[in-house]
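Subject: Structure handover

Hello,

Here is the structure I promised to pass on. Please open it alongside this note, and then read on for what turned up.

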Amino acid sequence: MTAADLVLPKTRTGRRRAGKQLHAGPVTYVALTVFALVSLAPLVWTAIAASRTDRRLAQAPPPLWFGGNLFKNLQTAWDQAGLGTAMLNSVIVAGAITVSTVVFSTLAGFAFAKLRFRFSGLLLLLTIGTMMIPPQLAVVPLYLWMSDLGWSNQLQTVILPSLVTAFGTFFMRQYLVQALPTELIEAARVDGASSLRIVWHVVFPAARPAMAVLGLLTFVFAWNDFLWPIIALNQQNPTVQVALNALGTGYVPDQAVIMAGALLGTLPLLIAFLLFGKQIVGGIMQGAVKG
(Lines give C-alpha, C1' and ligand atoms only; values in the text may rest on other atoms or scores of the structure.)
Protein backbone atom coordinates (compact mmCIF):
# COMPACT_ATOMS: atom_id res chain seq x y z
CA MET A 1 0.00 0.00 0.00
CA THR A 2 1.42 3.33 -1.04
CA ALA A 3 1.21 6.67 0.63
CA ALA A 4 -1.34 7.79 -1.97
CA ASP A 5 -3.65 4.91 -1.00
CA LEU A 6 -3.56 6.10 2.58
CA VAL A 7 -4.17 9.76 1.73
CA LEU A 8 -7.02 9.42 -0.79
CA PRO A 9 -9.61 7.82 1.54
CA LYS A 10 -8.98 10.53 4.11
CA THR A 11 -9.31 13.19 1.46
CA ARG A 12 -12.63 11.80 0.24
CA THR A 13 -13.87 11.57 3.81
CA GLY A 14 -12.79 15.13 4.47
CA ARG A 15 -14.61 16.29 1.37
CA ARG A 16 -17.76 14.49 2.43
CA ARG A 17 -17.54 16.10 5.85
CA ALA A 18 -16.88 19.53 4.35
CA GLY A 19 -19.91 19.25 2.07
CA LYS A 20 -22.20 17.90 4.79
CA GLN A 21 -24.91 20.30 5.93
CA LEU A 22 -24.58 21.42 9.53
CA HIS A 23 -27.57 21.13 11.84
CA ALA A 24 -28.24 23.20 14.95
CA GLY A 25 -28.48 21.40 18.25
CA PRO A 26 -30.83 21.96 21.20
CA VAL A 27 -28.42 24.38 22.87
CA THR A 28 -28.44 26.59 19.78
CA TYR A 29 -32.23 26.73 19.72
CA VAL A 30 -32.38 27.55 23.43
CA ALA A 31 -29.79 30.31 23.09
CA LEU A 32 -31.53 31.83 20.05
CA THR A 33 -34.89 31.70 21.82
CA VAL A 34 -33.47 33.49 24.87
CA PHE A 35 -31.84 36.17 22.71
CA ALA A 36 -35.07 36.68 20.76
CA LEU A 37 -37.14 37.03 23.93
CA VAL A 38 -34.70 39.50 25.45
CA SER A 39 -34.68 41.55 22.24
CA LEU A 40 -38.48 41.61 22.02
CA ALA A 41 -39.04 42.33 25.73
CA PRO A 42 -38.92 46.17 25.50
CA LEU A 43 -41.35 46.23 22.57
CA VAL A 44 -43.74 43.80 24.27
CA TRP A 45 -43.61 45.78 27.51
CA THR A 46 -44.37 49.00 25.59
CA ALA A 47 -47.45 47.35 24.08
CA ILE A 48 -48.56 46.03 27.49
CA ALA A 49 -48.11 49.42 29.15
CA ALA A 50 -49.98 51.12 26.30
CA SER A 51 -52.97 48.84 26.90
CA ARG A 52 -53.25 49.72 30.60
CA THR A 53 -54.23 52.78 32.64
CA ASP A 54 -51.78 55.15 34.26
CA ARG A 55 -53.04 54.11 37.71
CA ARG A 56 -52.41 50.43 37.00
CA LEU A 57 -48.87 51.15 35.82
CA ALA A 58 -48.15 52.89 39.12
CA GLN A 59 -49.10 49.80 41.12
CA ALA A 60 -46.77 47.01 42.16
CA PRO A 61 -46.20 44.48 40.76
CA PRO A 62 -46.44 45.93 37.24
CA PRO A 63 -48.82 44.29 34.75
CA LEU A 64 -47.44 41.39 32.75
CA TRP A 65 -50.27 40.99 30.26
CA PHE A 66 -52.33 43.17 27.96
CA GLY A 67 -55.27 45.22 29.17
CA GLY A 68 -58.31 46.61 27.40
CA ASN A 69 -57.30 50.25 26.87
CA LEU A 70 -54.90 49.87 23.94
CA PHE A 71 -57.01 51.46 21.20
CA LYS A 72 -58.27 54.19 23.54
CA ASN A 73 -54.72 55.15 24.51
CA LEU A 74 -53.57 55.01 20.88
CA GLN A 75 -56.36 57.38 19.87
CA THR A 76 -55.55 59.72 22.76
CA ALA A 77 -51.87 59.79 21.87
CA TRP A 78 -52.67 60.33 18.18
CA ASP A 79 -54.94 63.30 18.96
CA GLN A 80 -52.84 64.92 21.70
CA ALA A 81 -49.54 64.76 19.80
CA GLY A 82 -50.96 65.46 16.34
CA LEU A 83 -49.26 62.36 15.01
CA GLY A 84 -50.95 62.56 11.61
CA THR A 85 -48.92 65.61 10.58
CA ALA A 86 -45.88 64.34 12.46
CA MET A 87 -45.92 60.98 10.66
CA LEU A 88 -46.12 62.68 7.28
CA ASN A 89 -43.27 65.03 8.16
CA SER A 90 -41.12 62.15 9.40
CA VAL A 91 -41.76 60.18 6.21
CA ILE A 92 -40.69 63.19 4.14
CA VAL A 93 -37.61 63.92 6.25
CA ALA A 94 -36.45 60.32 6.69
CA GLY A 95 -37.20 59.44 3.06
CA ALA A 96 -35.33 62.44 1.64
CA ILE A 97 -32.34 61.89 3.94
CA THR A 98 -32.23 58.17 3.11
CA VAL A 99 -32.35 58.61 -0.67
CA SER A 100 -29.80 61.42 -0.73
CA THR A 101 -27.43 59.69 1.70
CA VAL A 102 -27.50 56.41 -0.21
CA VAL A 103 -26.97 58.04 -3.61
CA PHE A 104 -24.31 60.55 -2.59
CA SER A 105 -22.48 58.11 -0.32
CA THR A 106 -22.37 55.53 -3.11
CA LEU A 107 -20.95 58.09 -5.54
CA ALA A 108 -18.37 59.30 -3.04
CA GLY A 109 -17.51 55.76 -1.97
CA PHE A 110 -17.00 54.75 -5.60
CA ALA A 111 -14.70 57.73 -6.16
CA PHE A 112 -12.58 56.91 -3.12
CA ALA A 113 -12.53 53.18 -3.90
CA LYS A 114 -11.84 53.05 -7.65
CA LEU A 115 -10.91 56.48 -9.00
CA ARG A 116 -7.43 57.93 -8.83
CA PHE A 117 -7.16 61.65 -8.13
CA ARG A 118 -4.86 63.95 -6.20
CA PHE A 119 -5.14 64.10 -2.43
CA SER A 120 -7.67 61.24 -2.37
CA GLY A 121 -6.08 59.74 0.74
CA LEU A 122 -6.08 63.09 2.54
CA LEU A 123 -9.69 63.77 1.62
CA LEU A 124 -10.74 60.32 2.82
CA LEU A 125 -8.88 60.90 6.09
CA LEU A 126 -10.63 64.25 6.57
CA THR A 127 -13.99 62.62 5.81
CA ILE A 128 -13.41 59.93 8.42
CA GLY A 129 -12.12 62.55 10.85
CA THR A 130 -15.46 64.36 10.81
CA MET A 131 -16.99 61.28 12.45
CA MET A 132 -14.95 62.07 15.57
CA ILE A 133 -16.57 65.51 16.04
CA PRO A 134 -19.51 65.45 18.48
CA PRO A 135 -22.67 66.61 16.68
CA GLN A 136 -23.58 68.80 19.66
CA LEU A 137 -20.74 71.17 18.76
CA ALA A 138 -22.40 72.02 15.45
CA VAL A 139 -25.85 72.80 16.85
CA VAL A 140 -25.37 76.54 17.50
CA PRO A 141 -23.61 77.50 14.23
CA LEU A 142 -25.99 75.26 12.28
CA TYR A 143 -29.01 76.93 13.86
CA LEU A 144 -27.62 80.40 13.09
CA TRP A 145 -26.98 79.35 9.50
CA MET A 146 -30.50 78.06 9.02
CA SER A 147 -31.93 81.22 10.59
CA ASP A 148 -29.97 83.35 8.14
CA LEU A 149 -31.47 81.30 5.30
CA GLY A 150 -34.96 81.93 6.70
CA TRP A 151 -35.68 78.23 7.16
CA SER A 152 -36.62 78.20 10.84
CA ASN A 153 -39.31 75.62 11.67
CA GLN A 154 -39.22 74.18 8.15
CA LEU A 155 -38.45 70.58 7.18
CA GLN A 156 -35.50 71.48 4.94
CA THR A 157 -33.73 72.66 8.10
CA VAL A 158 -33.60 69.04 9.23
CA ILE A 159 -32.97 67.53 5.79
CA LEU A 160 -30.11 69.71 4.52
CA PRO A 161 -27.45 68.91 7.18
CA SER A 162 -27.94 65.16 6.61
CA LEU A 163 -27.89 64.87 2.82
CA VAL A 164 -24.66 62.86 3.03
CA THR A 165 -22.76 61.34 5.94
CA ALA A 166 -19.13 60.45 6.54
CA PHE A 167 -20.16 57.02 7.80
CA GLY A 168 -22.12 56.29 4.62
CA THR A 169 -19.19 57.35 2.43
CA PHE A 170 -16.73 55.19 4.35
CA PHE A 171 -19.16 52.27 4.46
CA MET A 172 -19.72 52.31 0.70
CA ARG A 173 -16.03 52.80 0.00
CA GLN A 174 -15.09 49.74 2.03
CA TYR A 175 -17.74 47.64 0.30
CA LEU A 176 -16.91 48.72 -3.25
CA VAL A 177 -13.20 48.06 -2.80
CA GLN A 178 -14.00 44.32 -2.65
CA ALA A 179 -17.32 44.01 -4.47
CA LEU A 180 -16.55 46.03 -7.62
CA PRO A 181 -13.72 44.64 -9.79
CA THR A 182 -11.58 47.29 -11.43
CA GLU A 183 -11.49 45.18 -14.60
CA LEU A 184 -15.26 45.58 -14.93
CA ILE A 185 -14.95 49.37 -14.95
CA GLU A 186 -12.08 49.24 -17.46
CA ALA A 187 -14.10 46.95 -19.73
CA ALA A 188 -17.01 49.40 -19.63
CA ARG A 189 -14.69 52.26 -20.58
CA VAL A 190 -13.25 50.24 -23.45
CA ASP A 191 -16.81 49.71 -24.71
CA GLY A 192 -17.25 53.48 -24.79
CA ALA A 193 -19.46 53.88 -21.71
CA SER A 194 -19.52 57.33 -20.16
CA SER A 195 -18.91 57.93 -16.46
CA LEU A 196 -22.62 58.39 -15.82
CA ARG A 197 -23.46 55.15 -17.61
CA ILE A 198 -20.78 53.28 -15.68
CA VAL A 199 -22.23 54.54 -12.41
CA TRP A 200 -25.80 53.61 -13.39
CA HIS A 201 -25.17 50.23 -15.03
CA VAL A 202 -22.06 48.99 -13.18
CA VAL A 203 -21.58 50.72 -9.83
CA PHE A 204 -25.18 50.84 -8.60
CA PRO A 205 -25.95 47.16 -9.39
CA ALA A 206 -22.74 46.03 -7.70
CA ALA A 207 -23.40 48.22 -4.65
CA ARG A 208 -27.09 47.31 -4.31
CA PRO A 209 -26.71 45.05 -1.23
CA ALA A 210 -24.68 47.64 0.65
CA MET A 211 -27.04 50.40 -0.48
CA ALA A 212 -29.96 48.48 1.02
CA VAL A 213 -28.18 48.09 4.36
CA LEU A 214 -27.11 51.74 4.42
CA GLY A 215 -30.64 52.80 3.47
CA LEU A 216 -32.20 50.95 6.40
CA LEU A 217 -29.63 52.26 8.89
CA THR A 218 -30.06 55.81 7.62
CA PHE A 219 -33.86 55.63 7.69
CA VAL A 220 -33.87 54.34 11.28
CA PHE A 221 -31.42 57.03 12.39
CA ALA A 222 -33.34 59.82 10.63
CA TRP A 223 -36.68 58.60 11.97
CA ASN A 224 -35.40 58.41 15.56
CA ASP A 225 -33.38 61.63 15.49
CA PHE A 226 -34.46 63.97 18.28
CA LEU A 227 -31.73 66.48 19.16
CA TRP A 228 -31.63 68.57 15.99
CA PRO A 229 -35.38 68.36 15.13
CA ILE A 230 -36.41 69.51 18.62
CA ILE A 231 -34.18 72.57 18.16
CA ALA A 232 -35.01 73.31 14.54
CA LEU A 233 -38.78 72.59 14.55
CA ASN A 234 -41.77 73.41 16.73
CA GLN A 235 -45.02 71.71 17.67
CA GLN A 236 -46.82 73.25 14.68
CA ASN A 237 -44.58 71.42 12.20
CA PRO A 238 -43.01 68.50 14.11
CA THR A 239 -41.52 65.15 13.29
CA VAL A 240 -42.69 62.10 15.23
CA GLN A 241 -40.05 62.39 17.94
CA VAL A 242 -40.75 66.08 18.47
CA ALA A 243 -44.49 65.40 18.63
CA LEU A 244 -44.04 62.59 21.14
CA ASN A 245 -42.15 64.99 23.38
CA ALA A 246 -45.43 66.85 23.93
CA LEU A 247 -46.96 63.75 25.53
CA GLY A 248 -44.51 63.97 28.44
CA THR A 249 -45.51 67.49 29.42
CA GLY A 250 -47.98 68.35 32.15
CA TYR A 251 -48.06 68.17 35.91
CA VAL A 252 -48.76 64.39 35.95
CA PRO A 253 -47.84 62.82 32.58
CA ASP A 254 -49.97 59.84 31.60
CA GLN A 255 -47.43 57.03 31.22
CA ALA A 256 -49.88 54.77 29.39
CA VAL A 257 -50.53 57.42 26.73
CA ILE A 258 -46.80 58.06 26.40
CA MET A 259 -46.22 54.35 25.82
CA ALA A 260 -49.02 54.32 23.25
CA GLY A 261 -47.36 57.20 21.42
CA ALA A 262 -44.00 55.44 21.51
CA LEU A 263 -45.66 52.34 20.07
CA LEU A 264 -47.17 54.36 17.23
CA GLY A 265 -43.80 55.94 16.52
CA THR A 266 -42.17 52.53 16.33
CA LEU A 267 -44.70 50.86 14.02
CA PRO A 268 -43.37 52.40 10.74
CA LEU A 269 -39.90 51.04 11.47
CA LEU A 270 -41.30 47.57 12.15
CA ILE A 271 -43.32 47.66 8.94
CA ALA A 272 -40.26 48.77 6.94
CA PHE A 273 -38.19 45.93 8.37
CA LEU A 274 -40.93 43.37 7.70
CA LEU A 275 -41.16 44.53 4.09
CA PHE A 276 -37.45 44.83 3.36
CA GLY A 277 -35.87 42.68 6.08
CA LYS A 278 -35.08 39.80 3.73
CA GLN A 279 -33.24 42.08 1.31
CA ILE A 280 -31.39 43.78 4.17
CA VAL A 281 -30.20 40.53 5.73
CA GLY A 282 -29.28 39.19 2.28
CA GLY A 283 -27.23 42.31 1.64
CA ILE A 284 -25.40 41.98 4.94
CA MET A 285 -24.61 38.31 4.28
CA GLN A 286 -23.47 39.00 0.71
CA GLY A 287 -21.22 41.77 1.91
CA ALA A 288 -19.76 39.50 4.57
CA VAL A 289 -19.00 36.78 2.01
CA LYS A 290 -17.38 39.22 -0.41
CA GLY A 291 -15.40 40.88 2.36
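Let me start with one residue and work outwards. Serine 90 has a relative accessibility of 3%, so this residue counts as buried, the cut-off being under 20%. Please keep in mind that this is a predicted model. Serine 90 sits in helix α5. What does serine 90 contact, once its neighbours within four places in sequence are left aside? The partners are Gly95, Trp223, Thr239 and Val240.

**The overall picture**

The protein has 14 helices and zero strands. Read along the sequence, the pattern is α-α-α-α-α-α-α-α-α-α-α-α-α-α. The protein has 291 residues, and 32% of them are buried. About 18,300 Å² is exposed, with carbon and sulfur atoms supplying 68% of that area. Now take the contacts between residues at least 6 apart in sequence: 71% of them join residues at least 24 apart.

**The cores**

The largest nonpolar core holds 32 residues. Which of its members touch the most others? They are Leu83, Val93, Val158, Trp223, Trp228, Val240 and Leu247. Helix α5, residues 83-114, gives the most to this core, with six residues. Two of the names should look familiar: Trp223 and Val240 are also contacts of serine 90.

Valine 93 is worth a closer look. Not counting residues up to four places away in sequence, valine 93 touches Leu155, Val158, Ile159 and Thr239. Thr239 is also on the contact list of serine 90.

There is a second, separate core of 21 residues. Among its members are Ala113, Tyr175, Ile185 and Met211.

**More on α5, and a link to α13**

Threonine 98 is another residue of helix α5. Its relative accessible area is 13%, so threonine 98 is buried. Leaving aside neighbours within four places in sequence, threonine 98 is in contact with Gly215, Thr218 and Phe219.

Leucine 244 belongs to helix α13, residues 240-245. Is leucine 244 buried or exposed? It counts as buried, at 18% relative accessibility. Leucine 244 touches Leu83, Gly261 and Ala262, again not counting residues up to four places away. Leu83 is one of the core members named above. Alanine 86 is 158 residues from leucine 244 along the chain, yet their C-alpha atoms are separated by 9.0 Å.

**Helix α4**

Helix α4 covers residues 70-81, twelve in number. From first C-alpha to last, α4 reaches 16 Å, close to the 16 Å expected at 1.5 Å a residue. Its buried residues include Asn73, Leu74, Ala77 and Ala81. Why do they line one face of the helix? Seen down the axis of α4, the buried residues fall within an arc of 105°, so they share one face. The face turned away from that buried side carries the exposed residues Phe71, Lys72 and Asp79. Just after α4 comes glycine 82, with a positive phi of about 60°.

**Two positive phi values outside glycine**

Phenylalanine 119 is not a glycine, but its phi is positive, near 65°. The residue lies in the loop between α5 and α6, the latter being residues 120-129. Phenylalanine 119 has a relative accessible area of 55%, so it is exposed, the cut-off being over 50%.

Asparagine 153 is not a glycine either, and it has a positive phi of about 60°. Its place is the loop between α7 (139-148) and α8 (156-159). At 31% relative accessibility, asparagine 153 counts as partly exposed.

**What the record says**

Where does UniProt place the feature "transmembrane region"? The unreviewed entry puts it at residues 26-48, 86-110, 122-146, 158-177, 198-223 and 256-276. Two of these spans can be set against the model. For residues 122-146, the end C-alpha atoms lie 29 Å apart, and the span is 64% helix and 0% strand. For residues 158-177, the end C-alpha atoms lie 32 Å apart, and the span is 70% helix and 0% strand.

If you want a place to begin, try serine 90 and its contacts Gly95, Trp223, Thr239 and Val240. Then move to valine 93 and its contacts, among them Val158.

Best wishes

Key. Residues numbered from 1 in each chain as written. Predicted model: local features only at pLDDT ≥ 70, side-chain atom pairs only at ≥ 80, totals over all residues. Heavy atoms only, no water. Core = buried A, V, L, I, M, F, W, Y, C linked by side-chain atoms within 4.5 Å. Buried < 20%, exposed > 50% of the residue type's maximum accessible area, 1.4 Å probe, protein only. Helix = DSSP H or I, 4+ residues; strand = E, 2+ residues; numbered from the N terminus. Contact = heavy atoms within 4.5 Å. Areas by Shrake-Rupley, 256 points an atom, 1.4 Å probe, with all protein chains shown as cover. Expected span 1.5 Å × (residues − 1). Arc of directions from axis to C-beta. UniProt positions renumbered as here; feature names shortened; annotations may be inferred.
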